[in-house]
Amino acid sequence: ERFAEARFLHACETITKVVKRKQPQIIEKQIARIDECVARVSEDLNLSGVDEHKIGIGEVPIETMPQYIRDFALRRLRTSNMSAAASRLANLWGMNYEEDPVVLAEEEKRRQLTYVQWNDEGSPGNIAGKSQPLPDLISNAVNLAEEFKLLLQLGETVGFDAEWGEDSGVAVLQLSTVSHSILLDIPALSSNGEGCRALQ
């Protein structure tokens, strides 16, 4: 049962991380691991004569873990406004997934209050009250040199944020002043010498 507990908690943590990183495809692997774990542990418990209904984490018995982890994943996806991914997975798992427009609107409002938005006043995506398009992803050394020079010209303070890949470290690096942002495709830039030198 300790194996099931560790696998379950790891799956919850991993799903939370990959949803933040916009990598829903990894969720399927975590769900499959929970299914395999529950099948294995349930078989072991049956062989040892232990009542599996009394084994679990808090209010989550082992036999309900597969359903719980699926519900957990769909909630995380919906909260992150990834309804298309949630709908695909729900269909794959034979579950109903309904997009309640009222719930979605409330969740969107909460996100806007919690996080700075691209087009909020004072953000790079808002110039003189007008919303600006998102910057293109920079994947070559020439564009990086040009955009970085422009970034430094438009402000003294540069902030940064990173989106992490599952295995390869940073996937996207964002550099921003109050009036300009650039997005760097780190795997693409670091795939050749010219790109690596530009990053340095």
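## Arg111 and its contacts

Arg111 touches a stretch of residues far from it in sequence. Beyond its neighbours within four places in sequence, Arg111 is in contact with Arg78, Thr79, Ser80, Asn81 and Gln117. The model is predicted. Arg111 belongs to helix α5, which covers residues 101–114. Thr79 sits 32 residues away along the chain, yet the two C-alpha atoms are separated by 8.4 Å.

Is Arg111 buried or exposed? Arg111 is buried, because its relative accessible area is 15% and the cut-off for buried is under 20%. One of its contacts, Asn81, has a backbone feature of its own. Asn81 comes just after α3 and takes a positive phi of about 60°.

## Helix α3

Helix α3 spans residues 65–79. The helix has 15 residues. From first C-alpha to last, α3 reaches 21 Å, close to the 21 Å expected at 1.5 Å a residue.

Which residues of α3 are buried? They are Met65, Pro66, Ile69, Arg70, Phe72, Ala73, Leu74 and Leu77. Arg70 has a relative accessibility of 13%, so it counts as buried. Arg70 also takes part in a salt bridge, described next.

## Salt bridges

How many salt bridges are there? The count comes to 3. One joins the side chains of Asp35 and Arg70, at 2.7 Å from N to O. Asp35 lies in helix α2 and Arg70 in helix α3, so this pair ties together parts that are 35 residues apart in sequence. Asp35 has 28% relative accessibility and therefore counts as partly exposed. Its partner Arg70 is buried, at 13%.

Another salt bridge links Arg88 and Glu28, with 2.7 Å from N to O. Arg88 is in helix α4 (residues 83–92) and Glu28 is in helix α2, so the pair ties together parts that are 60 residues apart in sequence. Arg88 is partly exposed, with a relative accessible area of 42%. Glu28 is also partly exposed, at 29% relative accessibility. Helix α2 thus holds Asp35 and Glu28.

The side chains of Glu13 and Lys17 meet in a salt bridge too, at 3.3 Å from N to O. Here both residues lie in helix α1. They are 4 residues apart, about one turn of the helix. Glu13 is partly exposed, with a relative accessible area of 45%. Lys17 is partly exposed as well, at 39%.

## Helix α6

Helix α6 runs over residues 141–153. Its 13 residues reach 19 Å from first C-alpha to last, close to the 18 Å expected at 1.5 Å a residue. Ala141, Leu144 and Leu151 are buried in this helix. They cover an arc of only 85° around the axis, which means that they sit on the same side of α6.

What covers these buried residues? The cover includes strands β5 (137–138), β7 (170–176) and β8 (181–185). It also includes helices α7 (186–189) and α8 (193–199). The face of α6 turned away from the buried side carries exposed residues: Glu146, Lys149 and Gln153.

## A nonpolar surface patch

Which residues form a nonpolar patch on the surface? Phe148, Leu152 and Val158 do. Together they have about 230 Å² of accessible area.

Val158 is found in the loop between α6 and β6, a strand covering residues 159–164. Val158 is partly exposed, with a relative accessible area of 32%.

## Positive phi angles

Most residues other than glycine have a negative phi. Some residues here depart from that pattern. Lys22 is not a glycine, yet it has a positive phi of about 60°. Lys22 lies in the loop between α1 (2–20) and α2 (27–48).

Ala128 is not a glycine either, and its phi is positive at about 55°. Where is Ala128 found? Ala128 is in the loop between β3 (126–127) and β4 (130–131). Ala128 is exposed, because its relative accessible area of 77% is over the 50% cut-off. Asn81, just after α3, has a positive phi of about 60°.

Terms used:
Residues are numbered from 1 along each chain as its sequence is written. This is a predicted model: local features need pLDDT of at least 70, side-chain atom pairs count only at pLDDT 80 or more; totals for chains, interfaces and linings use all residues. Side-chain values use heavy atoms; hydrogens and water are left out. Helices (H or I, at least four residues) and strands (E, at least two) are DSSP runs, numbered from the N terminus. Buried means under 20% relative accessible area, exposed over 50%, partly exposed in between (1.4 Å probe, protein chains only). Contact means heavy atoms within 4.5 Å. Patches are made of residues with over 30% relative accessible area and no salt bridge: like charges are joined within 9 Å, nonpolar side chains (Val, Leu, Ile, Met, Phe, Trp, Tyr) within 5 Å. Accessible areas come from the Shrake-Rupley method with a 1.4 Å probe; for residues, only the protein chains shown count as cover. A salt bridge is a side-chain nitrogen of Lys or Arg within 4 Å of a carboxyl oxygen of Asp or Glu. The expected span of a helix is 1.5 Å times one less than its number of residues. The arc is that of the directions from the helix axis to the C-beta atoms.
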